[in-house]
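Reader: I'm new to this one and don't quite know where to look. Please pick a single part, take a close look at it with me, and then carry on into the rest.

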Amino acid sequence: MSAVPLPTAPSGPVPGTPGPGTTDVAVEVRDLHVRFGAVEAVGGISLTATAGRATALLGRNGAGKSTTMRVLAGVVPATSGDVRVGGLDVRRERLAVQRLVGYCPDVGGLVSRATPWEHLQLAGRLRRLGPGWEDRVRDLLERFELGGVAHRMTSGFSHGMGRRLSVVLAAVHEPSVLLLDEPFDGVDPIGVEATFDVVADARARGACVLVSTHLRELAVEVCTEVAVLRAGARVATLPAARMLGEDGAREYRSLLD
Amino acid sequence: MSTAASWTDTARREARSSLVDVGHLVRFRVGTLPRRTLRGGLVAVLAVTAVSAALPAWAPGAGDPDGRAGDLLLLLGTGLTSFLLLGVLAAVTGGGGRELIARDHAAAYPVGATADHLGALLLAPLTIAWLLQAWLLLGATAYALGPRPLLVSAQVVVVLWLLAATAVAQVVGWSLEAVRRGPHGVRLVRALGLAVVLGVTGLVVTDRLLPLLDASPTTVVVIGLASPPGMRWGLTVAGLLLASLVAVAFGAVPAHLAARRLPADEARAETGIHRARPAPRSDLAALVRLDRASVWRAVPTRRGVLVLAGGPGLVAVLGDLPWESVTVLPGLVASGAALLFGVNAWCLDERGALWRESLPVGPGTVFTARALVLAELLLVGSLATVALAATRAGVPTPGEAAAVAATLTVVMAQVVGASMRWSAAHPYPADLRSARVTPAPPLAMVGYSARLALATTLTGVLFSLLARLPGWHVPLLVAVPMLCWSLARLARQHRAWADPLVRARVVGAVAG
């Protein structure tokens with residue numbers, strides 16, 4: 001099966017508002033189940049995410065957000081259900097899907113005794129980045145204020161530095177589908193702003209962005225819509241604006257209970 | 001009169017509280033193990049201990065003072081000294097000793113340095129090197145004394161020696177770790193190591209090593225254990241008990257000192273600059289480069305390879321080992337090197353495993369890269385040992401050269417195959433930053449090391465026998481089917497790694 005071409009957005013979007021008028025489905029999950037032995041981590045999630053938009057996955061701990069992200073990144077196989085990224089079946093065309101996807105995992109995501117530059121060289125090689133990618137990467141590292149530590153082992157990094165580098169690694173190849181799992185966790189305001197820019201850039205070029213986070217206010221700021229997961233299933237998909245402020249917090253709580 | 005608590009009261013309270021903490025930590029660690037594995041492991045260790053302490057006493061020639069048993073009794077003192085020296089080496093290499101609970105996990109709890117020291121002492125016997133030496137000493141004592149009533153009292157002395165030597169080794173281990181973490185510590189410890197090597201070499205060259213070992217105080221212990229229960233035996237037992245208690249208590253002092261200082265090796269590694277290299281030319285080269293960095297920048301791996309490459313090689317030089325005996329060394333070194341990370345090879349990625357698994361590369365290439373890097377580590381250690389041994393063994397005959405080459409090749413394939421199999425079957429999260437960390441839990445490490453040592457020693461002994469045959473053909477001909485068998489098993493693992501379920505389980509486990 002060939003990939004559905006992901007369109008390029010006509011103009012730059014504004015974070016927090018709906019993206020350009022693109023409705024092409026980039027991520028399609030139908031009745032996804034993931035079991036680890038006796039534990040059902042995901043129990044029938046269905047959701048779609050479109051190109052040029054950023055969708056937040058919200059929910060309590062254990063709701064299935066990270067596991068869903070791992071399935072979309074081709075890291076964990078689905079027990080059952082249909083998962084398509086860019087029109088490709090993740091189970092059958094894992095490598096092709098992984099070329100489309102940029103993934104920032106929820107925990108660590110870095111090899112301890114390798115430097116950021118070595119991580120990026122590996123990503124550059126395996127993702128077949130063309131000439132000039134190194135300049136783009138240097139710019140990205142500077143935006144995330146990691147330029148000064150590019151040749152130091154990541155085991156000495158703070159949690160926030162590690163998170164920022166994980167976002168850089170996910171975005172380095174300008175993926176068609178950007179999966180960010182807890183990208184704001186322990187990150188300082190400058191790192192948060194840089195991540196916002198990465199999401200905005202991705203949407204501007206027509207990429208689909210999925211952001212899993214517990215920080216509702218940040219999710220609302222950077223995403224156009226919000227999918228709320230509970231106990232391994234999706235309970236609602238709402239425009240991000242409805243999650244704003246006190247009213248949004250009340251509505252969110254009501255969806256979690 | 002001062003009402004403040006004296007330092008002895010404080011120390012007693014600290015000791016009591018640390019003992020309670022160690023109890024909790026042991027229960028926590030034991031609780032994470034499958035009951036059957038734990039019970040089976042304990043029963044096996046106790047059974048082998050009982051058998052080695054008693055059975056050799058009924059072997060032919062046992063207890064004969066004019067035969068081999070008499071010679072063995074004379075060598076027992078050297079055996080006891082060697083146990084102490086190897087214990088010191090293990091404690092120094094391990095940065096003081098292993099952790100009952102990982103440093104990052106312990107950070108959230110008020111676990112003090114005394115509890116850490118006691119935990120390291122408890123874990124010290126859970127290595128195959130410690131157990132094998134203990135069984136050897138118990139067996140040698142049983143054979144030397146024969147089936148006499150005093151065998152039980154003699155074995156009591158041996159057991160007390162094992163405990164005292166382990167506690168003393170721990171004191172030395174903590175002390176050197178405290179020095180290493182101090183100003184210019186790494187240089188000081190390296191200089192000390194070099195001085196020891198040069199000193200021992202000097203003793204060998206001047207033929208003074210054996211007289212020195214014969215004159216070691218352990219002969220007093222041997223006389224004590226060979227004596228019937230009475231004044232001398234009682235004094236030996238009391239002396240060893242006292243030494244054990246003093247060493248256990250005193251070990252807390254350097255342990256506290258070390259705990260107050262930052263691990264210099266780790267800090268240097270984490271803050272050092274690693275210059276960028278040109279982009280790799282293939283996917284495999286890129287993967288190998290990252291894996292190689294993970295292996296060679298890890299403090300425990302570097303330190304372990306140095307000891308493994310140098311230790312047996314030095315023994316071969318000092319013991320003037322002939323080529324047919326050198327064939328046993330590559331297997332032992334390869335087994336030891338695999339225990340540095342190979343038996344849990346995927347733990348190298350730690351939390352980076354999730355990101356690496358999301359990269360668009362075939363699982364076969366990833367597997368090949370990891371196996372190659374492991375083989376490289378084993379080969380470096382084994383070749384260094386053989387090179388050292390060759391300096392004394394001279395020019396080998398074609399048969400001996402073929403036997404050594406065949407052993408090297410076969411044990412490489414055996415150890416890499418077994419390691420990759422275990423790595424996929426039993427993955428554990430492990431942070432290899434510290435020299436005190438092992439890639440798998442202690443009981444699992446005992447099992448791995450026993451199986452590796454058995455397989456590779458048998459291979460080494462086989463090729464040692466073949467090295468005595470004329471011509472070079474036979475060792476190579478025997479090596480071919482053994483190599484094919486090991487490579488076929490490795491290929492099966494390579495195929496198994498293609499299963500996304502297997503990879504997801506491993507990645508989930510090592511990423512913690």
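Author: Right after helix 6 of chain B comes G146(B), with a positive phi near 75°. Helices here are DSSP runs of H or I with at least four residues, strands are runs of E with at least two, and both are numbered from the N terminus. Keep in mind that you're looking at a predicted model, where local features need pLDDT of at least 70, side-chain atom pairs count only at pLDDT 80 or more, and totals for chains, interfaces and linings use all residues. As for labels, residues are numbered from 1 along each chain as its sequence is written, while chains are lettered from A and ligands numbered from 1 in the order in which they are written.

Back to the helix itself. Helix 6 of chain B covers residues 128–145, 18 in total, and its first and last C-alpha atoms are 25 Å apart, close to the expected 26 Å (1.5 Å times one less than the number of residues). Its buried residues include I128(B), W130(B), A134(B), L137(B) and L138(B). Buried means 20 or more other C-beta atoms within 10 Å of a residue's own, exposed means 12 or fewer, and partly exposed is in between, with C-beta atoms placed from the backbone. What do the buried residues of helix 6 of chain B pack against? Their partners in chain B are helix 2 (35–54), helix 3 (68–93), helix 7 (150–180), helix 10 (218–226) and helix 20 (442–466); a contact is two such C-beta atoms within 7 Å.

For contrast, try A108(B), in the loop between helix 4 (103–106) and helix 5 (113–123) of chain B. A108(B) counts as exposed because just 7 other C-beta atoms lie within 10 Å. V22(B) is 86 residues away along the chain, and its C-alpha is 15 Å from that of A108(B).

Now hop over to chain A, which has 8 helices and 10 strands. Its radius of gyration, taken over C-alpha atoms, is 17 Å, close to the 18 Å from the globule rule for 257 residues, so chain A is as compact as a globular protein of that length (the rule is 2.2 Å times the number of residues to the power 0.38). Some 54% of those 257 residues are buried.

Strand 1 (residues 25–36) and strand 2 (residues 39–50) of chain A pair antiparallel over 9 bridges; pairing takes at least two DSSP bridges. The two make a hairpin with 2 residues between them, and G37(A) in that turn has a positive phi of about 65°.

Chain A also has an open, mixed sheet of 6 strands, ordered 6-7-8-3-9-10. At its edges sit strand 6 (101–104) and strand 10 (233–239), each pairing on one side only. Strand 3 (residues 54–59) and strand 9 (residues 225–230) of chain A run parallel, joined by 5 bridges, with T55(A) opposite E225(A). Helix 6 (residues 189–204) of chain A packs on this sheet, touching strand 3, strand 7 and strand 8 (208–212), and makes about 150° with strand 8; angles run from 0 to 180 degrees between N-to-C directions, along lines fitted to C-alpha atoms, for helices over the stretch in contact.

One last caution: residues 1–22 of chain A stay under 50 in pLDDT, the predictor's confidence in each residue, from 0 to 100. Where pLDDT is low, the predicted coordinates should not be read in detail. Averaged over chain A, pLDDT is 87, and 91% of the residues score at least 70.
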